[in-house]
Amino acid sequence: MQYSRAINPDPAAFADVFLKSFTASAGAEEGGFVSALAADLIKTTPENDIAAFIAHGGDLCVGAVIFTRLYFPQTSRIVFLLSPMAVLPNHQGQGVGQGLIAYALSQLVGDIVVTYGDPAFYGKTGFATIDPAVLPAPYPLSQPQWWIAQSLTKAPILPLEGPATCAPALQNPAYW
C-alpha cells in the first residue's frame, strides 16, 4: 500500500471513496451525506486550511482522509480536525486506515490533531479522549466521549479558549 498527499484532489473522485465506504457500513443515506461533505470540504476550504491524503494500490484509491484547520480565538497553535476518513470495504481490516492516518500525521505541520470518532479505532494511532473544556469543539458535542486528540509535538495539550472555528463545510451543528 502506498500513501501520499492528494494535491488538488478531484472532489468527485475523492467523494466516491467516502460514498462506497459509508454506504456499505451505514447505508445509502449516510454514504451520500459523508461523500457530499468530503466534496464540499475540498471545494470550499481555503488551500492553506486543508490537507487531504490517500491510500492507493496501483492506480486504485482505496482510502482517503481529510484534515482541516480549527482556529481558536487566542492562540497561534495550529490545530487540525481529522474528518472524514474512509477505506473501501474490501480493504478494511487490513491496516490501511491506520497506515493512512500514521502517514498523514507524519506529514502534517502543526501542534494538535483532533477528531470526533470511535476511540477504539483512532486510539490505535495515538488519539485519546480529551475534555471539550480543554479543547473546545466548534459546536456542542452529542457524544463528548468521542472527542479525541493527540499532540503532534509530544507536548501536553494545554487548554485552549474556544469555541473553535471550523471549515465552512463543517459549520452545521448536525455534524457535531
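**Exercise 1. Fold order**

In what order do the elements of the protein run from the N terminus on? Then judge the overall build of this predicted model.

*Solution.*
- Start by counting. The protein holds four helices and seven strands.
- Next, read along the chain. The order is β-α-α-β-β-β-α-β-α-β-β.
- Now test compactness. The radius of gyration is 15 Å, close to the 16 Å from the globule rule for 176 residues, so the protein is as compact as a globular protein of that length.
- Add the dimensions. The C-alpha trace spans about 45 × 30 × 30 Å along its principal axes.
- Finish with the contacts. Take those with a separation of 6 or more: 68% of them join residues 24 or more positions apart.

**Exercise 2. The nonpolar core**

Find which residues touch the most other members of the largest nonpolar core, and which element gives the most to this core.

*Solution.*
- The largest nonpolar core has 56 residues, and Phe67 and Trp147 touch the most other members.
- List the elements that give two or more residues. The helices are α1 (11-26), α2 (28-44) and α3 (96-107). The strands are β2 (50-57), β3 (60-70), β4 (79-87), β5 (112-116) and β7 (147-151).
- Pick the top contributor. β4 gives the most, with seven residues.
- Zoom in on Phe67. Beyond its neighbours within four places in sequence, Phe67 contacts Asp49, Ile50, Ala51, Phe53, Phe80, Leu81, Leu82, Ala104, Leu105, Leu108 and Val113.
- Keep the general trend in mind. In soluble globular proteins, nonpolar side chains tend to be buried together.

**Exercise 3. Two polar residues**

Decide whether Ser21 is buried or exposed. Then place Gln107.

*Solution.*
- Ser21 sits in helix α1.
- Its relative accessible area is 5%. The cut-off for buried is under 20%, so Ser21 is buried.
- Check what Ser21 touches. Leaving aside neighbours within four places in sequence, its contacts are Ala86, Val87, Pro89 and Gln92.
- Turn to Gln107, which belongs to helix α3.
- Its relative accessible area is 39%, so Gln107 is partly exposed.
- Take a distance. Gln107 and Met85 are 22 residues apart along the chain, and 16 Å separates their C-alpha atoms.

**Exercise 4. Surface and charge**

What percentage of the 176 residues is buried? Describe the exposed area and the charges too.

*Solution.*
- Buried residues make up 45% of the 176.
- The protein exposes about 8,400 Å², and carbon and sulfur atoms supply 54% of this area.
- Count the charges: 7 positive and 12 negative side chains.
- Compare their positions. The centres of the two sets lie 7 Å apart.

Methods:
Residues are numbered from 1 along each chain as its sequence is written. This is a predicted model: local features need pLDDT of at least 70, side-chain atom pairs count only at pLDDT 80 or more; totals for chains, interfaces and linings use all residues. Side-chain values use heavy atoms; hydrogens and water are left out. A nonpolar core is a set of buried Ala, Val, Leu, Ile, Met, Phe, Trp, Tyr and Cys residues joined through side-chain atoms within 4.5 Å. Buried means under 20% relative accessible area, exposed over 50%, partly exposed in between (1.4 Å probe, protein chains only). Contact means heavy atoms within 4.5 Å. The radius of gyration is taken over C-alpha atoms; the globule rule is 2.2 Å times the number of residues to the power 0.38. Accessible areas come from the Shrake-Rupley method with a 1.4 Å probe; for residues, only the protein chains shown count as cover. Lys and Arg count as positive and Asp and Glu as negative; His and the chain ends are not counted. The place of a charge is taken as NZ of Lys, CZ of Arg, CG of Asp or CD of Glu.
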